[in-house]
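Colleague: I should like a close look at a single part of this protein, with the rest of the chain brought in for context. Please keep the account connected and formal.

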Amino acid sequence: MHAKFAARTIAALALVLLPAAARVSAADNCLCTTHRLAFRTSDGNHNWFVTADASASLKVTLAIEITTTNTGEINHDHLNASIYSPAGALLHTIHVEGHVPGWFRQDVTIAPTSPGDVYRVEIHRATPHPTPFHASGYYLRFDGGADAAIDSPLRAVGGGRTTWTLHADAGDAMGVRLFDPLTYPNDPGDYPVMYQWISPSGVAQPIGSYTVPGPGMDTVLPPPAGLVPGKWQLRLQTLSFAGPGWGYVIEKTTGTDRRLHVEPGQAGRGNGGRIRFVDESGAPFTEPVAFTFGFGESFTFMIPGGLFETTNGTDTFPIPVLITPPPGMVATPSSLVFNSPCDGFSEQTVVISAAPPSLTVSLSPNVLWPPNNKLAAIEATIVSDASVELVSIVSSEPGTDDVAGAAFGTDDRAFQLRATRGGGGSGRTYAVTYRATSAAGASTTVTATVVVPHDQRK
């Protein structure tokens with residue numbers, strides 16, 4: 001995840017998965033590929049199959065990313081997307097090219113379509129690139145599609161988190177090969193891999209982590225425990241956050257359906273997330289805040305101007321985030337999930353405020369009997385980590401001279417209450433309220449009661 005900020009410090013590695021209830025949903029039903037797909041040879045094709053939904057039209061968007069090399073050379077590129085009908089006829093061709101750094105896109109709309117129609121989108125280079133280390137990448141977006149899957153031996157994706165969807169047949173061993181046939185310049189030699197299976201019922205299995213010896217990565221991922229037929233999700237990340245994010249190729253080697261599917265709303269070009277940190281008055285909060293990302297990294301960021309922003313260099317969403325403010329403060333919400341739309345930002349505001357102080361109050365006695373109309377001495381036992389004041393004493397049967405010796409607005413823990421109650425009611429209740437206030441101005445209020453029962457029957 002690329003981020004714009006003044007400084008960052010890697011604190012530790014942590015594996016944290018947040019419950020689905022923490023999800024911040026995005027109203028985006030488009031189907032998007034991962035942020036950056038690339039060819040791992042100088043030529044070749046990627047074949048995508050998209051199933052039309054009930055919207056009666058299908059919009060196909062192809063975008064390519066032009067980057068620069070370490071020496072500053074611009075990686076220009078030309079890509080075509082040939083769109084074929086369910087009967088195999090060529091319908092449209094999209095041509096996208098770029099000669100300067102940035103994203104370039106073209107789209108086409110197919111209409112009318114019928115639910116269940118399957119269109120093939122073949123991605124190929126208009127001109128084969130001379131080097132296999134080409135840094136440019138592309139992404140596809142389908143509006144009006146119910147399902148999109150790649151069925152090609154070239155399933156290359158830039159490093160970073162990606163969620164793949166795989167269908168398991170009855171008796172399918174769920175063989176998933178992860179490899180990269182290329183040896184990169186300055187290859188680090190070892191490839192840390194993190195993966196997690198999510199069952200068809202949505203149960204996330206423990207995160208697995210191991211290192212694939214290098215140079216050159218070629219391994220078979222361990223299948224999920226309790227493998228049953230159905231739609232499984234595979235969250236996958238190669239290398240660590242601090243690593244260069246080498247690309248990889250993934251393919252399913254078992255079962256009759258060996259395609260890799262994408263989910264609605266998965267991140268794509270121009271995607272990202274933004275967290276604005278403010279205090280209780282809405283002003284930017286700029287002290288250090290710790291983040292634990294849900295798939296293996298923990299970082300502390302010095303927030304410039306109270307803003308944290310991801311630019312989604314090679315990441316896909318959703319990404320769960322746990323927020324830890326400085327000591328003595330609380331974050332609201334303390335956890336969230338970036339679930340951005342295909343294009344655009346998912347924005348969240350987090351309020352950092354002083355942590356409320358602890359406060360417990362007990363009164364003795366808390367029952368006055370007999371109701372002899374006399375004043376009874378009450379003592380309050382209070383435990384708090386902040387300064388305390390007596391706020392109010394309110395009777396359910398308002399009267400005069402029923403409360404004596406109470407110094408409101410002070411730390412008064414001894415006063416008197418009259419042991420009396422109305423004859424026709426169920427008894428009298430005195431509500432005694434204390435407030436604790438921390439040095440940072442946060443407060444906690446607690447109310448304890450003293451009752452004068454109507455009688456002593458249970």
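What follows is one request about a single sheet and one extended reply.

Colleague: In the open sheet with the order β31-β34-β35, how do the strands pair, and which strands stand at the edges? Please also describe the faces of β35, and then set the sheet against the remainder of the chain.

Modeller: The model is a predicted one, and everything below should be read as a description of that prediction. The protein has 35 strands and zero helices. Of its 458 residues, 48% count as buried. Among contacts between residues at least 6 apart in sequence, 74% join residues at least 24 apart.

The sheet in your request is open and consists of three strands in the order β31-β34-β35, with antiparallel pairing. Strands β31 (387-395) and β35 each have a single partner strand, so each stands at an edge and has one side without a neighbour in the sheet. From one strand to the next, the twist averages 20°.

Consider first the pairing of β34 with β35. Strand β34 covers residues 427-437, and its antiparallel pairing with β35 runs over 11 bridges. Within this pairing, Tyr430 has Val450 of β35 as its bridge partner. The two strands form a hairpin in which five residues lie between them. Gly441, in the turn, has a positive phi of about 95°.

The pairing of β34 with β31 is also antiparallel and extends over eight bridges. Here the bridge partner of Leu390 is Tyr434 in β34.

The faces of β35 can now be described. In a regular strand the side chains alternate between the two faces of the sheet. In β35, which spans residues 443-453, the covered face carries Thr444, Val446, Ala448, Val450 and Val452. The uncovered face carries Ser443, Thr445, Thr447, Thr449, Val451 and Pro453. Val450, the bridge partner of Tyr430, thus belongs to the covered face.

The loop between β31 and β32 contains Ser396. With a relative accessibility of 45%, Ser396 counts as partly exposed. Leaving aside residues up to four places away in sequence, Ser396 touches Gly427, Arg428 and Thr429. The C-alpha atoms of Ser396 and Thr429 are 5.4 Å apart, although 33 residues separate the two in sequence.

Strand β32 itself belongs to another open sheet, one of four strands in the order β29-β30-β33-β32, again with antiparallel pairing. In that sheet β29 (359-364) and β32 (403-404) each have a single partner strand, so they stand at the edges with one side lacking a neighbour. The antiparallel pairing of β32 with β33 (residues 414-418) comprises two bridges, and Val403 stands opposite Leu417 in β33.

Turning to the rest of the chain, the aromatic rings offer a further point of reference. There is one aromatic pair by the rule applied. Its members are Trp197 and Trp232, whose ring centres are 6.3 Å apart and whose planes meet at 85°; the pair is therefore edge-to-face. Trp197 lies in strand β15 (residues 190-198) and Trp232 in strand β18 (residues 230-238), so that the pair links distant parts of the chain, 35 residues apart. Both residues are buried: Trp197 has a relative accessibility of 2%, and Trp232 has a relative accessible area of 1%.

Two other rings have a charged group over them. The charged end of Arg120 sits over the ring of Tyr84, at 4.2 Å from the ring centre. Likewise, the charged end of Arg259 sits over the ring of Phe49, 4.2 Å from its centre.

Two further residues complete the comparison. His78 is located in strand β6 (residues 77-84) and is buried, with a relative accessible area of 18%. The side chain of His78 makes a polar contact of 3.5 Å with the side chain of Glu97. Ala54, by contrast, is in the loop between β4 (45-52) and β5 (58-66) and counts as exposed at 70% relative accessibility. The C-alpha atoms of Ala54 and Thr113 are 8.1 Å apart, with these positions 59 residues apart in sequence numbering.

In summary, the three-strand sheet is antiparallel, in the order β31-β34-β35, with β31 and β35 at its edges and a hairpin formed by β34 and β35.

Methods:
Residues numbered from 1 in each chain as written. Predicted model: local features only at pLDDT ≥ 70, side-chain atom pairs only at ≥ 80, totals over all residues. Heavy atoms only, no water. Phe/Tyr/Trp six-rings, centres within 6.5 Å; stacked < 30°, edge-to-face > 60°. Buried < 20%, exposed > 50% of the residue type's maximum accessible area, 1.4 Å probe, protein only. Lys NZ or Arg CZ within 6 Å of the ring centre and 35° of its normal. Pairing = 2+ DSSP bridges. Axes fitted to C-alpha atoms, helices over the stretch in contact; angles between N-to-C directions. Polar contact = N/O pair within 3.5 Å; in protein donor to acceptor, adjacent residues only side chain to side chain. Contact = heavy atoms within 4.5 Å.
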